[in-house]
Amino acid sequence: MLPEAPSPPPELRRITRGSLARFAYQSDVASSSKETKNATTAPQVTDIEDAIPSDSATTRKRKRAVVTSSTTTKRGSKSSSSMVVKKEEREENEDEKNAVARPAIPMRNSAMAHKAARKVIDPVTQTEKVLPPSLWKPMYDLVKEMRLTGPAKDAAVDTMGCERLALPTASPLDQRLHTLVALMLSSQTKDTTNAPRRGLNLANLLAVDPATLNELIWVVGFHNNKTKYLKQTAEILRDRWAGDIPDSIEGLTSLPGVGPKMAHLCLSSAWGRTEGIGVDVHVHRITNLWGWHEGKTKTPEATRLALQAWLPKDRWREINWLLVGFGQKVCLPVGRRCGDCELGLQGLCRAAEKGKVIQGRKARKEAAAIEVEAHVKAEDGDEDGLVIEEYIKREEEEVGSMDMIVNEPKEEDTKEGASPKLPPIKQRRTRRG
């Protein structure tokens, strides 16, 4: 007998939305049962997906934006096909729109709100004036605090600056000459190297041989040129200024090797008159790092004019001492200590290195926590911790001393020619079969 043929599989029915109509949710069935019984036509059903309550206050709507970008064929002509990129954007909820606004968190890096010095027209006088940088006053005060009691104190300029190199026992005439010579030698030279204190006066400067003078100042930068400038200056002071130094900016800048910076510093230190700002490399570099100027100044002279346009005159002499010491101790030309600088820690310096600032803030928090803990212990009279620590320290010292005594070699072993005694070696006996 032939096997019976298998019965054909049942026909698969396609499940459509219409077939799911019986599962539809009808919100009006319970409220209007009478109308449903008398209805001659089938009630209009809704999709089961549409039956889910859509409350805009609890759900988020998605908005799809279609962005097309045309492709280019090898020949360079744009093809008709385009790639569709679907980008989803979420709309804000109505609750979030109507919610009470939270208080704004203050910016940690307030340097973003910094504004440089800028020129404006005075509405009253209709004249041009320069407004100072927006954050210059707190920055200036913080740097001054660091120079007096912070990480920038005791800089080289405080004890070896050009205005402090004049011998106090010399006459006022020689002291002014000491200041001028110190400034002339300080160009491209560190303050620690520049210290003319060998009985300098005009007569000796005129009498010294150029070769001998060059040997005396060979440690300073460009000593060959400075030897010529000093000899020429000595003759000019003798012939034109009656053996004294000039008492004006024009007279000082007429000397060989003396520029505006040296002239203003010399006039302030030697004659006690401040007619301008002495801008050296530190003042020029740091003020540009801070963004104090409208555009970056290219020369120290341009920096001087930019600062004098808005800085109060009573700070013209102090700012050189302030920024020179700050540049020597904290804001170094190479390897700036941004983690120790208050400007960087408080977000006032736009040129601060972020990694160093983060480390500095972390170290400061840890130090503050330790200080608070110690203060709390001191107030509570908790001396047990200190007693235990001292006891443990003594125990470690005693154990260390005992270890030194135990491991100390005997006198017999330390004698010359004596071989060290080794522990006996156990020999294993083997059986021979």
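Me: Helices here are DSSP runs of H or I with at least four residues, strands are DSSP runs of E with at least two, and both are numbered from the N terminus. With that in hand, where is Ile-245 found?

Reply: A word on the model before the answer: it is predicted, local features need pLDDT of at least 70, side-chain atom pairs count only at pLDDT 80 or more, and totals for chains, interfaces and linings use all residues. Residues are numbered from 1 along each chain as its sequence is written, and side-chain values use heavy atoms, with hydrogens and water left out. As for Ile-245, look in the loop between α8 (223-240) and α9 (249-253).

Me: Is Ile-245 buried or exposed?

Reply: The cut-offs go by relative accessible area, with a 1.4 Å probe and protein chains only: under 20% is buried, over 50% is exposed, and in between is partly exposed. Ile-245 has 4%. That makes Ile-245 buried.

Me: What separates the C-alpha atoms of Ile-245 and Leu-173?

Reply: Along the chain, Ile-245 and Leu-173 are 72 residues apart. In space, their C-alpha atoms are separated by 8.3 Å.

Me: And what about the C-alpha atoms of Pro-138 and Leu-348: how many Å separate them?

Reply: Pro-138 sits in helix α3 (residues 136-149), and it is partly exposed, at 35% relative accessible area. Leu-348 is 210 residues away along the chain. Even so, the separation between the two C-alpha atoms is 8.6 Å.

Me: How many aromatic pairs does a search of the whole structure find?

Reply: Rings of Phe, Tyr and Trp (its six-membered ring) pair if their centres lie within 6.5 Å, and planes under 30 degrees apart count as stacked, over 60 as edge-to-face and the rest as tilted. By that rule, the number of aromatic pairs in the whole structure is five.

Me: Trp-290 and Phe-326 form an aromatic pair, but of what kind?

Reply: Their centres are 6.1 Å apart, with 50° between the planes. The pair links distant parts of the chain, since Trp-290 is in helix α11 (residues 281-290) and Phe-326 is in helix α13 (residues 318-329), 36 residues apart. Both residues are buried. The pair itself is tilted.

Me: What parts does the pair of Trp-292 and Trp-310 tie together?

Reply: This pair is edge-to-face, at 5.4 Å centre to centre and 80° between the planes. Trp-292 is buried at 1% relative accessibility, and Trp-310 is buried too, at 10%. Because of where the two residues lie, the pair ties together parts 18 residues apart in sequence: the loop between α11 and α12 (300-308), and the loop between α12 and α13.

Me: Which residues form one aromatic cluster?

Reply: You've already met four of the names, Trp-290, Trp-292, Trp-310 and Phe-326. The full cluster is Trp-136, Tyr-140, Trp-290, Trp-292, Trp-310 and Phe-326.

Me: Which residue lies over the face of Trp-321?

Reply: A charge sits over a ring if NZ of Lys or CZ of Arg is within 6 Å of the ring centre and within 35 degrees of the ring normal. Trp-271 has Arg-176 over its face, at 4.5 Å from the ring centre. Over the face of Trp-321, at 4.3 Å from the ring centre, lies Arg-147.

Me: How many Å³ of space lie in the largest pocket?

Reply: On a 1 Å grid over the protein atoms alone, a cavity is a set of points where a 1.4 Å probe fits but cannot get out, while a pocket is an open set with protein on both sides within 12 Å along at least five of seven lines; lining residues have an atom within 4 Å of a point. Grid points are joined across faces, edges and corners, and a volume is the space filled by probe spheres set on the points. For the largest pocket, that comes to about 860 Å³.

Me: Which helix supplies the largest share of the lining of the largest pocket?

Reply: The largest pocket has 33 lining residues, and those closest to its centre are Ser-186, Lys-261, Asp-280, Val-281 and His-282. α4 (156-160), α10 (260-270), α11, α12 and α13 each give at least two. The largest share, five residues, comes from α10.

Me: How far is the sulfur of Cys-338 from the closest cysteine sulfur?

Reply: A disulfide is a pair of cysteine sulfur atoms within 2.5 Å. The closest cysteine sulfur to Cys-338 is in Cys-349, too far for a bond. The distance is 6.4 Å.
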